Amino acid sequence: MVDEEFDVVVIGGGAPGEVAAGRIAAGGLRTALVEAELFGGECSYWACMPSKALLRPGALRAAARRVPGVRVEDDLDTAAVLQRRTSFTSNWDDSGQVEWVESVGLTPVRGRARITAERRVTVETADGATLALTAKHAVVVVTGSTPTIPPLDGIDDVEYWTSRDATSAKEVPESLVVLGGGVVGVEMAQAWAWLGARVSLVVSGERPLPRLEPFAGDLVADGLREAGVTLHLDSRASGVRKTADGVELLLADGSSVTGQHLLIATGRRPNTADLGLEEFGVEPGAPLATDDRGRVSAVDGGWLWALGDVTGRALLTHQGKYQGRIFGDALVASVRGRVDTLPWSKHSATADHVAVPQVVFTDPEVASVGRAEAEARDAGLNVRVVTIDFAVAGSSVHADGYRGKASIVVDEEKRTIVGATFVGQDVAELLHAATVAIVGEVPLDRLWHAVPAYPTMSEIYLRLLEAYGL
């Protein structure tokens, strides 16, 4: 067994882990970055980047069809789409990412890690060797999340796709059944429908995207139908079985849906099941709750830190990278004895609680940040909600027959925006302005003076404030 000491050992080389480790190393602490699979992690190879590469051609074709005078072919070049998708993953080769890890002063360690004692990590490498890493100051867990598989009758007897299979498939399936109406479900249903698959989407509720404002799920459902997806709403799965041509998903009402492949997209859970954390009083598979600096609350001594999906705070790559910046700097500051724990300080991830942005890259897109109406009221806020159709000069130029909605949730006591949702073609780039307004708690009377250029889609902010009464 090879034994080596570092100041900090970071377990998990995905984007959030890389950001945190890089900040820690930049702070002068010798840092090891341990990765069991590919450096760059889920987002780079099986999630954010390949999924958006699969979606972009179909979205672009749909957008072009809304502008008269643009010649648009009926079929996508599926081989070119899949090749471009693969280029974004570097053909699932992380050698370039390893070069970056080394270039910023980190020590990459490839293997599966377990925490075997306080500040001690044992790594089993692919060739059977065992490495023992000791952390002088802290161990940081950034192992992400893993798909949740529902306990359906027969699920262990069939082959099924998870999100990894859906984003890395080498050919277009003839037919695909998608179980789950969350972000992965709707994005992959539309992507593969655009690429020529016959897609059925099974959703347990009355609309997809149940955590967002209701109008968002309704408009996305319309977009999915236009893309050729067959929706089964208010449909609960009860079992699954093999067929001669693929799989059959059995529904609770006695009906069923068949396809060549079944994609399980029913959510994700923190990847903490095989890290040895039970020795420290942490339930395997449970999230690692942290304070706003990144310290794991359930473990005494302040040596165990966590960030990203594994914390359960906000399962989004950009939010994990935000935590990487905040928590990485906070860890260095804790070693130096100069931690600032005030909200919105350099060492406090306050935005996790009130200003998390998210985009669903379907057609129409959904861009949201902050609290939805129900969430704001549950938090005890006195809010007023303004919802309008997305109809401004910029949107009419952008696309004939532009369809969408925009909404803001206003804290009536502070007269500030605490939530915003936009649905429509190409609304993602509108989101950051709303995020800045929420983080900065910009009063509506001051926001009124932020004049949108004409004719752009940003004019929707003016219309929202006018509808509010300004």
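**A walk around α3, α4, α7 and α15**

Start with α3 and α7, which lie oblique to each other because of their crossing angle (oblique is what remains once under 35 degrees is called roughly parallel, over 145 roughly antiparallel and 65 to 115 roughly perpendicular). This is a predicted model, where local features need pLDDT of at least 70, side-chain atom pairs count only at pLDDT 80 or more, and totals for chains, interfaces and linings use all residues. Residues are numbered from 1 along each chain as its sequence is written, and side-chain values use heavy atoms, with hydrogens and water left out.

Select 48–64 for α3 and 183–194 for α7: their axes come within 9 Å and cross at roughly 60°. Now show the side chains where they touch (heavy atoms within 4.5 Å). From α3, pick S51, K52, L54, L55, G58, A59 and R61; they meet E187, M188, A191, W192 and W194 of α7. That contact splits into 7 nonpolar, 2 polar and 3 charged residues.

Next, select α4, residues 78–88, and colour V81, L82, R85 and T86, which are buried (under 20% relative accessible area with a 1.4 Å probe, protein chains only; exposed is over 50%). They span an arc of only 135° around the axis, so they sit on the same side of α4. Turn to the face away from that side to find the exposed A79 and Q83. The cover over the buried residues includes α3, α6 (163–168) and α7. Just after α4, click S90, with a positive phi near 55°.

Last stop: α15, residues 460–468, with I460, Y461, L464, L465 and Y468 buried. Around this helix they pack against β19, β20, β21, α13 and α14. G469 follows α15, and its phi is positive, near 125°.

Notes
Helix = DSSP H or I, 4+ residues; strand = E, 2+ residues; numbered from the N terminus. Axes fitted to C-alpha atoms, helices over the stretch in contact; angles between N-to-C directions. Nonpolar A, V, L, I, M, F, W, Y, C, P; charged D, E, K, R; others polar. Arc of directions from axis to C-beta.
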